Amino acid sequence: MKRWHHYLSLPHKFGADPDDGVGCDCVIMVWNVLRDAGVEHPPYDPNWLSMASRGQWAALKNQWLERTVVCPQQEYALTLFDEPTSLGLGIIVDNGLLFPHHKRGVHWLPSKKVANLEYRTFR
């Protein structure tokens, strides 16, 4: 499961599949990482991007909270970045957090640098 390394430095791009090598949407990236690792997860719902394009952040966050439970920082745990005008997802892989930054592109930070975040997994 080293495929995620190819995502590093890709620019953040809403709705983009990082497997295409052009840009990276956080939700699609997380689903790809989970798929490639063989981790059980709910099916991807294209409606999430539609909701995000309409700025329905509260509804998306509620769905997130209903479908996940808090867990320790562990391999394939997810974290939600809750900003005033957007949401974002990151995932723990290879003892670090993989996430697309809206200005700097896809980054990976060692787990110890992001230990203070809340992590969740699917119910």
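This note goes through the pocket, the nonpolar cores, the salt bridges and two backbone positions of a predicted model.

1. The pocket. In this predicted model, the largest pocket has a volume of about 690 Å³. Its lining is made up of 28 residues, and those closest to the centre of the pocket are Cys26, Val27, Leu87, Gly88 and Leu89. Two or more lining residues come from each of helix 1 (26-37), helix 2 (47-53), helix 3 (57-67), strand 2 (78-83), strand 3 (86-93) and strand 4 (96-101). The largest share belongs to helix 3, which supplies 6 residues to the lining.

2. Character of the lining. What is the division of the lining residues into nonpolar, polar and charged? The lining of the largest pocket holds 18 nonpolar residues, with 6 polar and 4 charged ones beside them.

3. Valine 27. This residue, one of those closest to the centre of the largest pocket, has its place in helix 1. Valine 27 counts as buried because its relative accessible area is 16%, and the limit for that class is under 20%. Leaving aside residues up to four places away in sequence, valine 27 touches Tyr44, Trp48 and Leu89, and Leu89 is itself listed among the residues closest to the pocket centre. For orientation across the fold, valine 27 and proline 72 are 45 residues apart in sequence, while their C-alpha atoms are 20 Å apart in space.

4. The largest nonpolar core. This core has 24 residues, and those with the most contacts inside it are Tyr7, Met29, Val30, Ile91 and Leu98. Helix 1, helix 2, helix 3 and strand 3 each give two or more residues to the core, and helix 1 gives the most, with 7 residues. Helix 1, helix 2, helix 3 and strand 3 are also among the elements that give two or more residues to the lining of the largest pocket, and a reader comparing core and pocket may wish to look at these elements in both settings.

5. Methionine 29 and the second core. Methionine 29, one of the residues with the most contacts inside the largest core, touches Tyr7, Pro18, Cys24, Leu89, Ile91, Leu98, Phe99, Pro100 and Val106, when residues up to four places away in sequence are not counted. A second core, separate from this one, has 7 residues, including Cys71, Ala77, Leu97 and Tyr119.

6. Salt bridge between aspartate 82 and lysine 61. The structure holds 6 salt bridges, and one of them is formed by the side chains of aspartate 82 and lysine 61, with a distance of 2.6 Å from N to O. The pair links distant parts of the chain, since aspartate 82 lies in strand 2 and lysine 61 in helix 3, 21 residues apart. Aspartate 82 is partly exposed, with a relative accessible area of 41%, and lysine 61 is also placed in the partly exposed class, at 28%.

7. Two further pairs and a network. Aspartate 36 and arginine 35 form a salt bridge in which the closest N and O atoms are 2.9 Å apart; aspartate 36 is partly exposed at 27% relative accessible area, and arginine 35 is partly exposed at 41%. Glutamate 118 and arginine 120 meet through their side chains in another salt bridge, at 3.3 Å from N to O. Are the two partners of this pair buried or partly exposed? Glutamate 118 is partly exposed, at 46% relative accessibility, whereas arginine 120 is buried, at 9%. Elsewhere, salt bridges with shared partners join Arg3, Asp19, Arg35 and Asp36 into one network.

8. Two positions with positive phi. Most residues other than glycine have a negative phi. Against that background, aspartate 94 has a positive phi of about 50° although it is not a glycine, and asparagine 95, also not a glycine, has a positive phi of about 60°. Aspartate 94 has its place in the loop between strand 3 and strand 4, and asparagine 95 lies in the loop between strand 3 and strand 4 as well. In accessibility, aspartate 94 is partly exposed, with a relative accessible area of 31%, while asparagine 95 counts as exposed because its value of 55% falls in the class over 50%.

Technical notes: Residues are numbered from 1 along each chain as its sequence is written. This is a predicted model: local features need pLDDT of at least 70, side-chain atom pairs count only at pLDDT 80 or more; totals for chains, interfaces and linings use all residues. Side-chain values use heavy atoms; hydrogens and water are left out. On a 1 Å grid over the protein atoms alone, a cavity is a set of points where a 1.4 Å probe fits but cannot get out, and a pocket is an open set with protein on both sides within 12 Å along at least five of seven lines; lining residues have an atom within 4 Å of a point. Grid points are joined across faces, edges and corners, and a volume is the space filled by probe spheres set on the points. Helices (H or I, at least four residues) and strands (E, at least two) are DSSP runs, numbered from the N terminus. Ala, Val, Leu, Ile, Met, Phe, Trp, Tyr, Cys and Pro count as nonpolar, Asp, Glu, Lys and Arg as charged, and the others, Gly among them, as polar. A salt bridge is a side-chain nitrogen of Lys or Arg within 4 Å of a carboxyl oxygen of Asp or Glu. Buried means under 20% relative accessible area, exposed over 50%, partly exposed in between (1.4 Å probe, protein chains only). A nonpolar core is a set of buried Ala, Val, Leu, Ile, Met, Phe, Trp, Tyr and Cys residues joined through side-chain atoms within 4.5 Å. Contact means heavy atoms within 4.5 Å.
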